[in-house]
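Let's take a walk through a protein and look at its contacts and its empty spaces. Keep the picture open beside you as you read.

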Amino acid sequence: MESYDVVVIGSGIGGLVAAGLLARYGRRVLVCESHTLPGGAAHAFKRQGFTFDSGPSFYCGLADPTSCNPLREVLNALGESITAVAYDPLGHYHFPDRTLAIYGNAEQYQASLAQISPQAAQELKTLTKKMLAIYRPLGAIPTLALRADGWLLPLLIQRFPKAMAQLLPQLRGLGRSMGDFVDETVQDPWLRRLIDLECFLLSGMKAHQTVAPEMAFMFGERAESVIDYPIGGSGAIIDALVRGLERWGGQLRLGAHVDKIWVEQTQAQGVVLKTGERIRAGQVISNATLWDTCNHLLAEADLPPQYRQTSLATAAVDSFMHLHLGIRAQGLEELTIHHVVVHDTEQDITTPGNTCMISIPSVLDPSLAPDGHHVVHAYTLEPYTGWQRDENYGAKKEAKVEPLIRALQKVVPDICDRITLKLIGTPLTHQRFLRRHQGTYGPAISAGQGLFPGCKTPIKGLYRVGDSTLPGIGVPAVAASGILCANSLVSPREAAALLDLQAP
């Protein structure tokens with residue numbers, strides 16, 4: 001029987017971050033990934049010469065040494081880096097009556113908005129100031145310093161006294177929703193709708209459901225760092241994390257499907273693979289979702305009934321429809337990377353098919369597509385309910401991507417004549433290939449209605465990371481979840497030593 005200090009179930013960003021850091025701390029680490037590609041919801045895949053992002057496509061600060069991006073901090077600690085290309089505007093938002101360029105640079109963003117509403121531009125300036133007041137003291141504390149135990153507060157006070165003093169006046173705002181700040185600051189209806197949209201793009205929920213610090217980091221990173229895209233796509237990030245894991249002696253096993261977490265007397269002993277192989281480990285970290293961990297990886301008797309019931313009752317964000325296209329690029333020299341299309345402003349932006357996100361990363365990285373072509377990734381919310389693989393499945397897939405096609409026609413009017421490759425992903429696709437409960441992208445926990453669960457579980461030696469743990473949904477958040485977990489499994493002295501090595 002193989003034996004390790006730590007076994008990590010799943011190679012999503014949260015799992016790879018935790019595994020890489022623990023290997024960096026000197027632990028013997030094994031990551032078990034059921035599929036043939038690492039990366040979970042952030043993996044990349046290739047078809048007919050095109051390289052597609054399966055999930056996230058928007059990044060900040062990957063190549064900026066001053067960025068607060070937790071992912072960049074981890075890569076630095078692992079001795080890895082990513083080549084990225086900077087760009088601005090970060091995207092264009094297309095509404096039925098107008099198109100708005102969105103800039104990372106705060107002054108340019110306000111100037112763009114002033115062309116529509118001078119009042120909105122002024123209110124955005126005031127709102128930005130409030131967000132930066134939260135971002136700056138938080139950003140002065142490296143995510144790499146965080147941990148999920150009682151050592152956190154003494155460490156922060158000792159090492160970052162200035163930032164902690166600056167943070168004191170902002171403590172009330174840390175628990176508030178973005179909607180609270182909008183209500184205090186914004187009267188312009190156009191800007192209120194715009195902030196709702198930006199919150200939705202970040203968290204899957206509107207302003208009153210999105211926690212303010214999450215938006216503060218978005219405002220801060222856009223304004224004070226750099227918006228950039230990794231050369232090689234999201235797969236380049238995963239490759240760098242895997243290299244970092246292996247550089248420090250950690251291992252990744254692909255095609256290693258964990259069937260059960262091995263528990264005896266309320267203590268994790270390791271994992272059992274689908275093949276029946278047992279792997280012993282003193283600590284187990286699940287990068288599976290909250291629901292999959294409790295319902296599939298653990299037996300019902302392993303968990304306290306109340307904990308299990310509460311976990312399984314947690315509401316989930318809807319899944320998505322994804323459309324991956326390879327298209328001919330002739331005549332599209334002025335094309336930009338990111339677009340968001342809202343079809344109907346009278347409908348709620350969270351209505352499936354109404355808000356469509358588009359990424360065309362080959363305009364920045366031509367290596368992602370064959371010569372003379374572009375790679376396109378478009379997606380929109382789609383509930384899991386009602387989907388089944390039957391004789392109507394193909395027709396339903398085509399019908400459900402129609403809003404995505406219409407959205408793409410706003411950007412490339414003759415898109416249908418340019419398609420050379422077309423792939424459609426449904427909630428069933430995500431459930432199957434990502435092994436995620438109902439294809440979801442995380443819990444729908446609204447601001448003020450509760451907190452995301454922490455990394456600890458009632459089972460001794462069992463921990464969790466990913467988008468159904470603190471801090472929440474999104475690439476920076478899941479990277480931070482891996483940091484919180486890894487640091488909590490080592491002594492404060494070890495964590496402080498690594499932090500000292502990263503200090504400028």
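Below we go through charged pairs, then rings, then the spaces inside.

First, some ground rules: this is a predicted model, in which local features need pLDDT of at least 70 and side-chain atom pairs count only at pLDDT 80 or more, while totals for chains, interfaces and linings use all residues. Residues are numbered from 1 along each chain as its sequence is written, and side-chain values use heavy atoms, with hydrogens and water left out.

Let's start with charge. Side chains of opposite charge can pair when their charged atoms come close. Here we call it a salt bridge if a side-chain nitrogen of Lys or Arg is within 4 Å of a carboxyl oxygen of Asp or Glu. How many salt bridges does a search of the whole structure find? The search turns up 21.

Take glutamate 80 and arginine 247, whose side chains meet in a salt bridge at 3.0 Å, N to O. Glutamate 80 lies in the loop between helix H2 (70-78) and strand S5 (84-86), and arginine 247 lies in helix H11 (residues 234-247), so this pair ties together parts that are 167 residues apart in sequence. Those labels come from DSSP runs, numbered from the N terminus: helices are H or I with at least four residues, and strands are E with at least two. Glutamate 80 is also buried, with a relative accessible area of 9%. Buried means under 20% relative accessible area, exposed means over 50%, and partly exposed is in between (1.4 Å probe, protein chains only).

Next up are glutamate 198 and arginine 222, with a salt bridge of 3.1 Å, N to O. This pair links helix H9, home of glutamate 198, to helix H10 (residues 212-224), home of arginine 222, and the two residues are 24 residues apart. Glutamate 198 is buried at a relative accessible area of 1%, and arginine 222 counts as buried at 6%.

A third bridge joins arginine 436 and aspartate 467 at 2.8 Å, N to O. Arginine 436 is in the loop between H17 and strand S18 (462-464), while aspartate 467 is in the loop between S18 and helix H18 (475-488), so the pair ties together parts 31 residues apart in sequence. Arginine 436 counts as buried at 10% relative accessibility, and aspartate 467 counts as buried at 11%. Bridges can also share partners: Lys130, Arg176, Asp180 and Glu184 are joined into one network that way.

Arginine 436 has another contact, too: its charged end sits over the ring of tyrosine 441, 5.8 Å from the ring's centre. For this to count, NZ of Lys or CZ of Arg must be within 6 Å of the ring centre and within 35 degrees of the ring normal. Lysine 396 does something of this kind, with its charged end over the ring of tryptophan 387, 4.4 Å from the centre.

Now for rings meeting rings. The structure holds eight aromatic pairs. Rings of Phe, Tyr and Trp (its six-membered ring) pair if their centres lie within 6.5 Å; planes under 30 degrees apart count as stacked, over 60 as edge-to-face and the rest as tilted. Why is the pair of phenylalanine 95 and tryptophan 190 edge-to-face? Their centres are 5.2 Å apart and their planes stand at 65 degrees, so the pair earns that name. Phenylalanine 95 is in strand S6 (residues 91-95) and tryptophan 190 in helix H9 (residues 189-203), 95 residues apart. Both phenylalanine 95 and tryptophan 190 are buried. Elsewhere, ring pairs link Phe45, Phe50 and Phe52 into a cluster.

Finally, the empty spaces. On a 1 Å grid over the protein atoms alone, a cavity is a set of points where a 1.4 Å probe fits but cannot get out, and a pocket is an open set with protein on both sides within 12 Å along at least five of seven lines; lining residues have an atom within 4 Å of a point. Grid points are joined across faces, edges and corners, and a volume is the space filled by probe spheres set on the points.

The second largest pocket has a volume of about 600 Å³. Of its 24 lining residues, His43, Phe45, Arg47, Thr429 and Phe433 lie nearest the centre. Helix H17 gives the most to this lining, with four residues.

As for cavities, there are two of 30 Å³ or more. The largest has a volume of about 70 Å³, and among the residues that line it is Arg222, which we met in a salt bridge with glutamate 198.
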